[in-house]
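Trainee: Hi! I've got a new structure to look at, and I could use some company. Can we go through it together?

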Amino acid sequence: MTTKTIPFSHQQLESIAEQYPTPFHLYVEKGIRENARALSRAFSWNPGFKEFFAVKATPNPFLLKILRAEGCGADCSSLPELLLAERTGMTGEAIMFTSNDTPPEEFQEARRLGAIINLDDISHIEFLERSAGLPEFISCRYNPGPLKSGNAIIGHPEEAKYGFTREQLFEGYRILRDKGIGRFGIHTMVASNELDPKYFVETARILFELVVEISRKLGIRFEFANIGGGVGIPYRPEQGVIDLGVIGEGIRESYEATIGAGSIGPLKVFMECGRYITGPCGYLVARVRHLKKTYRNFAGLDACMANLMRPAIYGAYHHITVMGKEDRPADTLYDVTGSLCENNDKFAINRPLPRLDVGDLLVIHDAGAHGHAMGFNYNGKLRSAELLLRENGDVEMIRRPETIEDLFATLDWGKMAGFRT
Ligand SMILES: *Cc1c(COP(=O)(O)O)cnc(C)c1O
């Protein structure tokens, strides 16, 4: 059981909203730093441990710069993500490039930056060689298929589009070895928003055993095993926070039984969490714009699913706090909606909340990862600002809200007058 607390007061939020109109995403620096530190603490037994923050979760360069200062690298999967990492000072082996269906220019950019390239498919060995040349350091992504069960968000590994099969992995490393590559890593990512520590321990064990087997068979040495991201967060108040200590300790035991016992090491453990680091430290702040009563009670906000689409696409639960009414009984059921012409545009369905009034400030929790990042412009909706609550209590705007001019920027209005109909 977690209590959904908020690290700012109603009054503080009202004064922020005076300066920056709702809706906006508000991130809390202190929590982000603490989460990054907790992760490295859990793996302090592993000297080379590194977290490569999954840029796609929260692709804001100011947050990336904070994470860099905490010792994190970047996990990128597209060219713009590579450029974001570079502009925050992360280059070379501080970047892991895990893409799929990759265009040649992305491999070229990853090579220019000296990023660790993590191949998604055996055919990409030749494709990379032709398009950008082979680097000296390379990793392959393993898909354990039916050997591992998936979870609701990621589905079954054997249906997933990612990674090499087991046979392809042996063949892939053999080809790479024969082409003269000297430095190797291995990667897998089979969970998303998983709250069971055992899942990560099992994933690590699968990779460690593979490292032992492949090293022996091919006579190559692995420098790292990257067990991916996917560490879950308690979106629901009745869920508990995952115990990173249990993950770290379980993985240490499995390391000693495999890598340690086989004298294969040292092997660095890498992770690429996104959600765990920033998810709980980001809040979508919106106001009640209209209250409507038909067959149900509807609270229409000034935010919509373009600001946070997880509830609409996954049916995901996001906790909602009505600022200033925390102590009132949650005795009224509301569908909390946005203004899109799309009936999925709901942040919550039949949610018990205190009686709402127009103008109430609502805080939607756990929006710090895969929130603003998944934003879109359907129905002419504009993406909101991103604000950062610094450790000293200051608030900085780290991304301005989009404007209608931004939305129209790809249209050439000059052609309109001469456009024949
Ligand atoms: C999305 C993704 C992550 C981050 O997932 P979280 O659930 O945010 O931890 C890490 N690695 C890869 C390859 C991903 O696609």
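Trainee: Let's start with S192: is it buried or exposed?
Mentor: Good place to start. Keep in mind that this is a predicted model. S192 is buried, because its relative accessible area is 11% and the cut-off for buried is under 20%.

Trainee: Where does S192 lie?
Mentor: You'll find S192 in the loop between β7 (183-187) and α8 (197-218).

Trainee: And which side chain does S192 have a polar contact with?
Mentor: With that of R275, at 3.3 Å. R275 is also one of the residues that come nearest to the ligand.

Trainee: Oh, nice, let's talk about the ligand. Which residues come nearest to it?
Mentor: There are 13 residues around the ligand, and the nearest are K56, G230, E272, R275 and H370.

Trainee: What do the polar atoms of K56 and E272 do there?
Mentor: A polar side-chain atom of K56 is 2.7 Å from an oxygen atom of the ligand. For E272, a polar side-chain atom is 2.7 Å from a ligand nitrogen atom. The backbone takes part too: a polar backbone atom of G274 lies 3.0 Å from an oxygen atom of the ligand.

Trainee: How much of the ligand does the protein cover?
Mentor: On its own the ligand has 390 Å² of accessible area, and the protein covers 89% of that.

Trainee: And which pocket does the ligand sit in?
Mentor: The largest pocket.

Trainee: Changing topic: helix α2. How far apart are its end C-alpha atoms?
Mentor: They are 20 Å apart. Helix α2 has 14 residues, 29-42, and at 1.5 Å a residue it should span 20 Å, so the two values agree.

Trainee: Which residues of α2 are buried?
Mentor: E29, G31, I32, R33, N35, A36, A38, L39 and A42. When you look at that list, remember that an α-helix has 3.6 residues a turn, so residues three or four places apart point the same way.

Trainee: What about E405, is that buried or exposed?
Mentor: E405 is exposed, because its relative accessible area of 58% is over the 50% cut-off. E405 lies in helix α12 (residues 404-408).

Trainee: How far is E405 from K346?
Mentor: In sequence they are 59 residues apart, and in space 27 Å, C-alpha to C-alpha.

Trainee: Now for the backbone. Where are there cis peptide bonds?
Mentor: One runs from T22 to P23, with omega near 0°. Another joins G265 and P266, with omega about 0°. P23 is in the loop between α1 (10-19) and β1 (24-28), and P266 is in the loop between α9 (244-260) and β9 (268-271).

Trainee: Why point those out?
Mentor: Because most peptide bonds are trans. In the same spirit, most residues other than glycine have a negative phi.

Trainee: So which residues have a positive phi without being glycine?
Mentor: N350 is one, with phi near 50°, and D366 is another, at about 55°.

Trainee: Where are those two found?
Mentor: N350 is in strand β14 (residues 346-353). D366 is in the loop between β15 (361-364) and β16 (385-389).

Trainee: Last one: how accessible are N350 and D366?
Mentor: N350 is partly exposed, with a relative accessible area of 36%. D366 counts as buried, at 5% relative accessibility.

Notes: Residues numbered from 1 in each chain as written. Predicted model: local features only at pLDDT ≥ 70, side-chain atom pairs only at ≥ 80, totals over all residues. Heavy atoms only, no water. Helix = DSSP H or I, 4+ residues; strand = E, 2+ residues; numbered from the N terminus. Expected span 1.5 Å × (residues − 1). Buried < 20%, exposed > 50% of the residue type's maximum accessible area, 1.4 Å probe, protein only. Near = heavy atom within 4 Å. Polar contact = N/O pair within 3.5 Å; in protein donor to acceptor, adjacent residues only side chain to side chain. Areas by Shrake-Rupley, 256 points an atom, 1.4 Å probe, with all protein chains shown as cover. 1 Å grid on protein atoms, 1.4 Å probe; cavity = no way out; pocket = protein on both sides within 12 Å on 5 of 7 lines; lining within 4 Å. Sits in = over half its atoms within 2 Å of the grid points.
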